[in-house]
Amino acid sequence: MALDFAATYKVLVLGDSNVGKTCIVHRYCDERYYDTYISTIGIDFKQKLINLDGVPIKLQIWDTAGQERFRTLTTAYYRGAMGILLMYDVTSLESFNNLSYWLRNIQENAAPDVVKVLAGNKCECLPAQRMVEKERGDKIAENFDMPFFEVSCKNNINIEESFLTLARQIREQREHRGENFDNDGMQERKSGTGSNGLGPFTLGNSPDSNRCSC
Amino acid sequence: MDDSFENGHEISTNDGILLRKGPALYLPEILQSTTGTLSLVHYANNVLCIEWKPNDNFLIADADTQVQDDWSFVDTIAKRTRTASETIAFNTSSGTIAHKEPSPITPATHQNQIKPRIVRAKIVDLKNIEVYKNGHSIRLVNKSDGKTHSEYFFQHGNADSFLRTLKTTHCLRPSRNNRNIYEIVENIDYDKEKLEKTFAELKIEDIKGSGGWISNMVRNPIGHTFDFLAKMSDAYTVLPGVVQNVYTSHTTDTSSMATSTNDEYEVLGTSPRPSSESSSNDNHEKDTENNLPPRPHIIRGSPLTEKQWCEFLSEDGRITDVERVKEVIFRGGIENSLRSEVWKFLLEYYPWDSTKIERIEHRKEKEKEYFKMKLQWLTMTPEQEKNFSDYRDRKCQIEKDVKRTDRTEEFYQGDDNQNLGFLQDILMTYVMYNFDLGYVQGMSDLLAPILSVMNNEVDAFWCFVGFMELVYTNFDMDQAGMKRQLQDLNYLTALANPRLFRYFEEHGAENMYFCFRWLLVWFKREFQHSDVLTLWEVLWTKLPCSNFHLLFSVAILDDQMNIFIANQFEFNEILKHVNELSTKIDLQQMLKKAEAIYYQIRRAEHLSDEVRLIIGEEPSNLSASKSDDEYDDNFDDVSVEKSPKDEANRQKKYEEACERSMINNFF
């Protein structure tokens with residue numbers, strides 16, 4: 001649709017510390033895997049131009065620090081987010097158990113209709129290292145109505161699929177909203193923190209819509 | 001400057017005075033041996049001050065930009081805004097003090113609107129004045145802490161006349177115990193008329209001294225220039241790094257001295273020194289419409305050497321001149337081999353005034369204390385851990401971060417590297433030391449370089465504790481400390497570079513989030529390992545103010561401004577650009593720029609109290625100290641003092657526990 005021509009989709013990667021948020025962004029955007037990596041401090045993003053079923057889309061993927069302490073900073077970035085890739089680590093039960101925390105956090109801070117995809121990383125691990133069976137991921141994904149993939153940054157499994165699914169859902173969401181609100185999507189949007197994704201009730205002239213302040 | 005220092009009345013003035021020691025922010029003047037006047041000034045409300053003021057608008061000469069001006073360094077001292085006729089007037093003691101340069105008291109008369117940098121001491125704040133070096137030098141000593149306020153060298157003669165004025169005005173009396181010390185007389189009524197009267201009783205000629213340096217210069221210019229160079233070298237022996245740069249460049253050129261002396265004399269005698277701004281700006285970036293004084297050129301020095309360090313140690317191992325050590329470190333860092341020793345002082349693990357023997361004892365105590373705390377978590381049973389989720393969370397986060405901290409550094413390379421174990425243990429022990437703060441991401445970044453320098457678990461722990469004391473608010477639960485710093489950075493940017501600030505505002509970037517990583521881990525991620533070590537030790541000196549890291553941030557942003565604007569970056573692009581600056585920043589250049597910005601702001605008039613507080617100045621209006629309270633709101637001061645009853649109770653329980661464990665041991 002012309003509606004989405006060269007649009008920017010803002011996506012957040014969330015999840016516990018050390019589940020592989022930076023890794024998946026690198027893998028997807030740079031098509032590389034780094035074995036020695038460092039924890040993320042503050043916030044960063046990468047962009048990738050994708051071909052979404054024949055339509056070019058700019059995916060802007062925001063990577064954040066995982067520790068709870070830094071939430072006050074990262075919640076500012078929820079505001080313009082259209083999609084969230086929520087991650088856990090299949091070798092860490094803790095990271096899986098914390099999904100409820102993350103889902104609550106998303107509910108409190110992101111737009112009500114934000115699109116979510118669940119990804120369980122490090123699925124290439126040895127059976128003995130696995131702490132979370134795939135079925136448990138399936139179940140929570142079903143409960144919260146989000147697509148789910150077990151992924152591996154190391155072996156490049158399901159990375160592309162996860163992001164493409166997220167992008168498709170964002171597109172659908174926007175088309176759906178476009179039906180209900182004629183002016184949605186027709187607004188001029190700046191690159192970066194676009195004015196969309198704020199939810200149907202704050203559309204239009206929100207003074208903060210182009211800002212990233214908290 | 002405090003606004004109350006206006007319309008003062010100069011009672012007496014002595015010329016040719018070098019500032020030898022003073023508040024840290026006057027370091028450039030001290031380094032440059034800037035000549036100035038020392039005056040006794042009477043202000044309203046009977047406030048009497050001793051004031052030193054540089055003769056010229058102070059200019060920090062840049063050794064590498066003044067090739068044609070090879071004499072510039074000498075000139076900095078010799079050239080004055082004094083014309084030939086004034087020189088004569090000075091030498092013939094006409095009875096009035098030659099004083100053509102802008103008065104410190106009426107800065108508005110200055111064509112460039114620059115307030116001269118005055119070192120000012122209120123008489124009532126001083127304890128005494130010490131005289132030494134055969135009366136050529138005096139030292140003002142603070143009443144409050146007994147430390148040196150400032151030190152002056154009288155080039156034209158000795159301090160007698162100056163002291164005589166003070167004595168005649170009844171401010172001073174000789175100490176009974178030491179003839180070189182003059183005590184300040186308290187509660188004296190500095191009646192202006194009385195002061196003037198007593199001043200009139202003095203012989204002006206005496207005050208100005210006879211046969212000053214200038215007249216000597218006229219009689220024997222070459223000889224006295226050499227004499228002067230010799231004095232300069234004295235002044236620099238404590239800062240060899242700087243001396244080498246400046247001093248050798250002149251001594252190697254002695255052959256040209258003789259030929260250029262005549263010109264030199266002309267410069268000295270007839271041409272007023274060109275405005276310092278024009279010369280400093282020639283080689284410098286244009287100021288961006290901020291109405292601030294120009295940014296001075298800054299010279300960096302060489303690292304503190306082992307030899308220098310030893311010279312600072314007294315026989316029993318105390319550090320004799322802490323401020324000077326810090327100044328050298330601020331200007332050039334520390335030689336790598338010396339870091340493990342000096343960092344312990346900088347990070348307040350070792351007291352500066354401790355003797356070598358005391359330090360050995362201190363270290364033993366600290367070692368015991370460390371292992372006591374380490375034992376606390378080592379003896380935690382799995383059951384305890386299971387029931388202690390806060391502890392478990394901290395432990396878990398440490399494990400995650402240790403294996404991804406500085407792994408490309410040789411010191412932490414390899415999977416079974418024992419240093420990773422030390423990193424883990426120190427952070428775990430820190431959790432026991434400060435459980436409320438616990439472990440927050442970023443701390444491993446702060447510890448890793450310290451451990452690699454110390455190469456010792458216990459020393460690294462206590463140095464890390466010292467570092468955390470400086471930055472713990474970065475890790476507040478509500479991030480209040482980070483928010484405040486970003487706000488402060490905002491104020492400073494607005495002041496130092498209004499154009500950039502406006503650009504940020506117009507492009508949704510005024511929150512400065514892109515500086516978050518810089519501030520959280522003190523630029524650890526922005527520089528290569530060795531640069532991080534240098535930057536940290538510079539910042540640990542807290543010179544010229546404890547928020548120098550914010551000025552350093554302003555310097556980097558200032559440096560990148562053209563890129564932001566030329567590319568019309570929005571917030572996102574600025575963030576991306578800033579993140580990608582990592583390892584591409586020139587440390588020395590940015591340190592110079594940051595210091596220059598500091599002086600620029602420091603010398604500005606009409607600073608807001610917010611800015612004054614940020615750069616470590618007293619607020620102009622003391623009622624504004626309310627903002628201090630605001631800052632403290634975030635930290636609940638939990639009193640840890642126990643009532644005697646509580647203490648007795650605890651002691652009883654403790655003894656009981658010991659007894660019980662003894663029983664277990666024996667049976």
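How many residues does the contact take from chain B and how many from chain A? Chain B contributes 36 residues and chain A contributes 34 residues. The model is predicted.

**The interface of chain B and chain A**

The size of an interface is often given as the accessible area lost when the parts come together. Here chain B and chain A bury about 3,000 Å² between them, and 52% of it lies on carbon and sulfur atoms. On the side of chain B, the most area is lost to chain A by Arg404(B), Tyr513(B) and Asn572(B), which together account for 22% of what that side buries.

One salt bridge is found across this interface. It joins Asp44(A) and Lys576(B), whose closest N and O atoms are 3.8 Å apart. Between the two chains, 11 residue pairs are in polar contact, both residues being at pLDDT 80 or more.

Three helices of chain B, listed below, each supply at least two residues of the side that touches chain A.

| Helix | Residues |
|---|---|
| α17(B) | 389-402 |
| α23(B) | 516-520 |
| α26(B) | 571-579 |

α26(B) gives the most to that side, with 6 residues. By type, the side of chain B that touches chain A divides into 11 nonpolar, 9 polar and 16 charged residues.

**A helix pair within chain B**

Helix α14(B), residues 336-346, and helix α24(B), residues 529-540, have axes that come within 11 Å and cross at roughly 35°. The crossing is left-handed. From α14(B), the contact is made by Asn336(B), Arg339(B), Trp343(B) and Leu346(B). α24(B) adds Ser530(B), Leu533(B), Thr534(B), Glu537(B) and Trp540(B). The residues of this contact divide into 4 nonpolar, 3 polar and 2 charged.

Key
Residues are numbered from 1 along each chain as its sequence is written. Chains are lettered from A and ligands numbered from 1 in the order in which they are written. This is a predicted model: local features need pLDDT of at least 70, side-chain atom pairs count only at pLDDT 80 or more; totals for chains, interfaces and linings use all residues. Side-chain values use heavy atoms; hydrogens and water are left out. Axes are lines fitted to C-alpha atoms, for helices over the stretch in contact, and angles run from 0 to 180 degrees between N-to-C directions. Helices (H or I, at least four residues) and strands (E, at least two) are DSSP runs, numbered from the N terminus. A crossing is left-handed if the near helix is turned anticlockwise from the far one by less than a right angle, and right-handed if clockwise. Contact means heavy atoms within 4.5 Å. Ala, Val, Leu, Ile, Met, Phe, Trp, Tyr, Cys and Pro count as nonpolar, Asp, Glu, Lys and Arg as charged, and the others, Gly among them, as polar. Buried area is the accessible area (1.4 Å probe) that two parts lose on being put together, summed over both. A salt bridge is a side-chain nitrogen of Lys or Arg within 4 Å of a carboxyl oxygen of Asp or Glu. A polar contact is a pair of N or O atoms within 3.5 Å; within protein, one must be able to donate a hydrogen and the other to accept it, and residues adjacent in sequence count only if both atoms are side-chain atoms.
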